[in-house]
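Subject: A structure for you to look at

Hello,

Here is the structure I promised to pass on. Please open it next to this message, and I will walk you through what turned up.

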Amino acid sequence: MSQTVTTPSLVVDVGGTNTRVALSQDGKVQMETIRRFRNAEFDGLELVLQEYLAAQSDVHVLAACVAIAGPVRDGQGHLTNRNWQMDETSLGEAMGTPQVTLLNDLQAQGYALDHVADEDLLQLRAGPDVPAGAAKLAVNLGTGFNASPVFVTPSGPFVATSESGHANMPVRNVQDMRLCAFVEARHGFAAIDDILSGRGFEHVYAFLSSEAGENKTLSSAEIIAGCTDGSDPIAVQAVHYFIRLTAMVMGNLALIQLPFGGIYLVGGLSSAIAPFIEAAGFEAAFRDKGRFADFMDDFAVYVVQDDYAALKGMAAYLHNRLDE
């Protein structure tokens with residue numbers, strides 16, 4: 001007769017395309033239990049969770065944490081790029097536990113920052129020694145754009161929610177103004193997320209192509225490939241322009257949040273553009289803050305290269321909460 005294995009938590013990372021699910025014990029993700037599901041194959045997250053749990057025989061979930069790529073409020077949320085509505089009550093019923101916490105996906109990344117190994121951090125720019133209790137900033141550069149500050153409190157880290165990506169895209173020069181007009185004419189609003197994201201990357205390429213009189217469009221992967229081998233001059237321009245715009249926005253956010261503990265980029269685009277940072281002029285664009293240029297040297301910038309950081313962040317969050 002089999003014995004029931006009790007695990008304190010189930011952690012669920014719901015992206016725009018895929019959902020990752022795993023079990024965790026004592027604040028640690030059980031790596032062998034991680035499974036990935038394609039969202040397009042399911043009508044809702046509850047069905048994903050039911051399939052996952054059905055395959056985990058003799059497991060009783062005591063608590064769960066779900067992070068989604070979309071806004072969350074009062075225990076309810078929805079995916080920005082998929083018509084999935086979620087709330088803690090219905091998710092708890094699907095998992096058989098009343099202890100469910102719904103987070104924004106970038107919150108989960110923020111809770112992971114203290115648990116990412118040094119070898120999984122790529123430093124893009126150095127900063128001074130980190131003072132005790134310094135805030136950090138998690139920035140998602142992937143399917144969408146968002147940023148959330150991570151504050152140190154007596155009871156552990158606190159990651160504030162944000163929808164920074166849906167603010168207006170700032171402009172620095174006339175080319176930026178033309179880019180925003182180009183995006184607005186086609187999509188109705190030139191938000192940061194419409195430019196500094198996967199689809200935004202494609203918008204930047206389309207804009208530059210249009211300015212060159214070619215009117216070509218490419219996928220993000222094709223743009224990176226064209227820049228990497230130098231076969232497409234517009235792709236090279238697009239990557240460099242995208243990086244400079246990213247640096248400008250990150251610099252703005254650094255001044256707003258003062259993350260002396262560092263800025264941490266997450267998301268697939270972060271790693272994709274990292275090799276081109278220096279050539280594109282990231283440093284100059286980040287420091288382009290007038291009389292505050294030298295002040296910008298107080299902020300180190302890293303790329304988080306741990307695919308399971310969000311799961312680890314949720315595991316740590318739940319462990320800390322269950323211990324309270």
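A good place to begin is a single pair of residues: L122 has V303 in strand β17 as its bridge partner. Please keep in mind throughout that this is a predicted model.

**The six-stranded sheet**

That pair belongs to the pairing of β12 (residues 121–125) with β17, two strands that run antiparallel and are joined by four bridges. Next to it in the sequence, L121 stands opposite V304 in β17. On β17 there is also a pairing with β16 (residues 263–266), this time in the parallel sense and over three bridges. There, Y264 stands opposite Y302 of β17.

How are the strands ordered in the open sheet of six? The order is β12-β17-β16-β13-β14-β15, and the pairing is mixed. β12 and β15 (156–159) are the edge strands, each pairing on one side only. From one strand to the next, the twist averages 25 degrees.

Are the two faces of β17 (residues 301–304) covered or open? Both are covered: V301 and V303 on one side are buried, and so are Y302 and V304 on the other. In a regular strand, side chains alternate between the two faces of the sheet, and that is a handy thing to remember when you look at these four residues.

**Helices lying across the sheet**

Two helices are worth finding next. α7 (residues 233–257) lies across β13, β14, β16 and β17, and runs at about 30 degrees to β14. α3 (residues 105–112) lies across β13 (136–141), β14 (145–153), β15 and β16, and runs at about 155 degrees to β15.

How many of the residues of α3 are buried? Eight of its eight are, and they are D105, L106, Q107, A108, Q109, G110, Y111 and A112. The N-terminal end of α3 is capped by N104, with a side-chain oxygen 2.8 Å from the backbone nitrogen of L106.

**How the helices pack on each other**

Two packed helices are described by the angle between their axes and the distance between the axes. Here are three pairs to look at, starting with the two that involve α7.

α6 (residues 220–228) packs on α7 at an angle of about 105 degrees, with the axes 7 Å apart. Angles from 65 to 115 degrees count as roughly perpendicular, so α6 is roughly perpendicular to α7. I223, I224, G226 and C227 in α6 meet A235, V236, A238 and V239 in α7. By class, this contact of α6 with α7 has seven nonpolar residues, one polar and no charged.

α4 (residues 174–187) also packs on α7, at an angle of about 100 degrees and with the axes 13 Å apart. This pair, too, is therefore roughly perpendicular. On the α4 side the contact has Q175, D176 and L179, which meet Y241, L245 and M248 in α7. Four of the residues in the contact of α4 with α7 are nonpolar, one is polar and one is charged.

The third pair is α4 with α5 (residues 198–211): the axes come within 10 Å and cross at roughly 110 degrees. α4 and α5 are therefore roughly perpendicular to each other. From α4, the contact takes in Q175, R178, L179, F182, V183 and H187, and from α5 it takes in H203, V204, A206, F207, L208, S210 and E211. Seven nonpolar, four polar and two charged residues make up the contact of α4 with α5.

**One histidine in α7**

Is H240, in helix α7, buried or exposed? Its relative accessibility is 19%. The cut-off for buried is under 20%, so H240 counts as buried. Leaving aside neighbours within four places in sequence, H240 is in contact with A279 and A280.

**A second sheet**

Finally, there is an open sheet of three strands, in the order β8-β9-β10 and with antiparallel pairing. Its edge strands are β8 (72–73) and β10 (85–87), each pairing on one side only. Three bridges join β9 (residues 76–78) to β10, and among the residues involved, H78 has Q85 of β10 as its bridge partner.

Enjoy exploring, and write back with any questions.

Best wishes

Conventions. Residues numbered from 1 in each chain as written. Predicted model: local features only at pLDDT ≥ 70, side-chain atom pairs only at ≥ 80, totals over all residues. Heavy atoms only, no water. Buried < 20%, exposed > 50% of the residue type's maximum accessible area, 1.4 Å probe, protein only. Pairing = 2+ DSSP bridges. Axes fitted to C-alpha atoms, helices over the stretch in contact; angles between N-to-C directions. Parallel < 35°, antiparallel > 145°, perpendicular 65-115°, else oblique. Contact = heavy atoms within 4.5 Å. Nonpolar A, V, L, I, M, F, W, Y, C, P; charged D, E, K, R; others polar. Polar contact = N/O pair within 3.5 Å; in protein donor to acceptor, adjacent residues only side chain to side chain.
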